[in-house]
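Let's take a look at the charged side chains here and see who pairs with whom. Have the viewer open as you read.

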Amino acid sequence: MRKNVTIPGTDLSLSPMGLGAVNAGLRWDGPDADRIFDAFLDLGGNVIDTARVYSDWIPPEIGRSERAVGDWLERSGKRNQVVLVTKGGHPVMTGPNPDTHINRVTRADMEQDIDLSLKALRTDCIDLYFYHRDDQTIPVETLVDTMESFVKAGKIRYYGCSNWATDRMKAADAYAKKMGYRGFAANQALLNLGSKYMNPLEDDTLVYVKEEMYRYHDENRGNLLMPYMGVCGGFFSAYAAKGEDAVKDSPYATPENLAFARRIGELQEKYHASPIQLALGYFTLQKFPCIPLYGPRDVASLEDAAGTFDIAFERGDYEKYLY
């Protein structure tokens with residue numbers, strides 16, 4: 001993969017793609033997980049992204065992804081080779097009808113989650129810790145102070161936010177500056193090749209990168225954008241493999257996205273690239289550095305995705321989809 005990205009004002013040097021571990025402990029665990037994590041490091045990756053809540057919606061295990069990541073860290077002894085990212089404060093996802101609108105970002109909630117994360121991950125300190133959601137009834141000052149208390153306690157090195165509105169990030173930035181804090185080092189939100197024209201997803205607590213947030217990141221390079229859902233839920237890969245009928249029910253199946261999908265064969269030939277690489281290539285053309293998160297099926301798909309960053313994509317092929 002290409003040269004790492006450094007977040008200004010930190011000592012974090014991050015690979016150009018993060019390994020999303022939502023499937024850790026589910027689709028791959030034990031030796032299979034070892035192979036994926038080890039392959040990622042061998043490919044030049046170092047950012048492993050998980051969350052306390054990942055895959056709690058599938059019983060019976062709680063904190064499954066963090067446990068699987070922690071198992072590998074313990075077995076491999078490679079903790080010092082990894083920028084470890086996790087998140088807390090997500091609504092409870094167990095039970096038959098979880099309500100994603102019931103946020104858990106009070107100090108007590110976050111203390112509970114971070115202590116469980118540290119235990120599951122088998123580490124003393126998390127490199128980059130995120131609020132997984134926001135609660136706009138809580139002042140940003142209180143939320144920033146909570147994260148600062150974790151920094152002072154040595155539990156985390158830096159912190160960020162996921163699914164926060166732009167105005168809330170700006171308010172948090174202003175408070176951090178006033179207090180002399182480093183403040184948010186990264187933001188996770190939904191951005192990908194198809195997101196500009198997609199139909200909204202069912203979960204209305206997800207925050208999409210639109211023009212205002214895009215401008216914010218262009219002007220605030222100290223808050224690194226780490227987009228999730230980087231390959232559009234496999235929309236372009238499914239179209240390339242099976243045609244339009246295979247994606248007709250996808251939220252990405254809009255006229256604009258289908259227009260790009262119809263060019264997949266042409267672009268594959270032009271760049272000698274796979275559909276996954278064409279989707280991730282979108283991120284190499286942004287005005288500012290960003291690190292997409294990718295959750296692989298297996299080592300082969302991970303190797304395919306990592307190859308994206310050796311290809312020189314041209315802005316003209318993506319212009320309509322860029323902000």
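Start with E61: at a relative accessibility of 26%, this residue counts as partly exposed. This is a predicted model, by the way. E61 pairs up with R64 in a salt bridge, at 3.5 Å from N to O. And is R64 buried or exposed? R64 is buried, with just 5% relative accessibility, since the cut-off for buried is under 20%.

That pair doesn't stand alone. Salt bridges link D29, E61, R64, R67, D71, E74 and R122 into a network. Across the model, the count of salt bridges comes to 26.

Here are three of the pairs side by side:

| Pair | N to O distance | Relative accessible area |
|---|---|---|
| D32 and R35 | 2.3 Å | D32 39%, R35 47% |
| E61 and R64 | 3.5 Å | E61 26%, R64 5% |
| D115 and K155 | 2.8 Å | D115 38%, K155 22% |

Now, where do the partners of the D115 and K155 bridge sit? The closest N and O atoms of D115 and K155 are 2.8 Å apart. D115 belongs to helix α3 (residues 107-121), while K155 is in the loop between α4 (140-152) and β7 (156-162), so the bridge ties together parts 40 residues apart in sequence. D115 is partly exposed at 38%, and K155 is partly exposed as well, at 22%.

The D32 and R35 bridge is a local affair. Both residues sit in helix α1 (residues 30-42), three residues apart, which means about one helical turn separates them. Their side chains meet at 2.3 Å, N to O. D32 is partly exposed at 39%, and R35 is partly exposed at 47%.

Definitions and conventions:
Residues are numbered from 1 along each chain as its sequence is written. This is a predicted model: local features need pLDDT of at least 70, side-chain atom pairs count only at pLDDT 80 or more; totals for chains, interfaces and linings use all residues. Side-chain values use heavy atoms; hydrogens and water are left out. A salt bridge is a side-chain nitrogen of Lys or Arg within 4 Å of a carboxyl oxygen of Asp or Glu. Helices (H or I, at least four residues) and strands (E, at least two) are DSSP runs, numbered from the N terminus. Buried means under 20% relative accessible area, exposed over 50%, partly exposed in between (1.4 Å probe, protein chains only).
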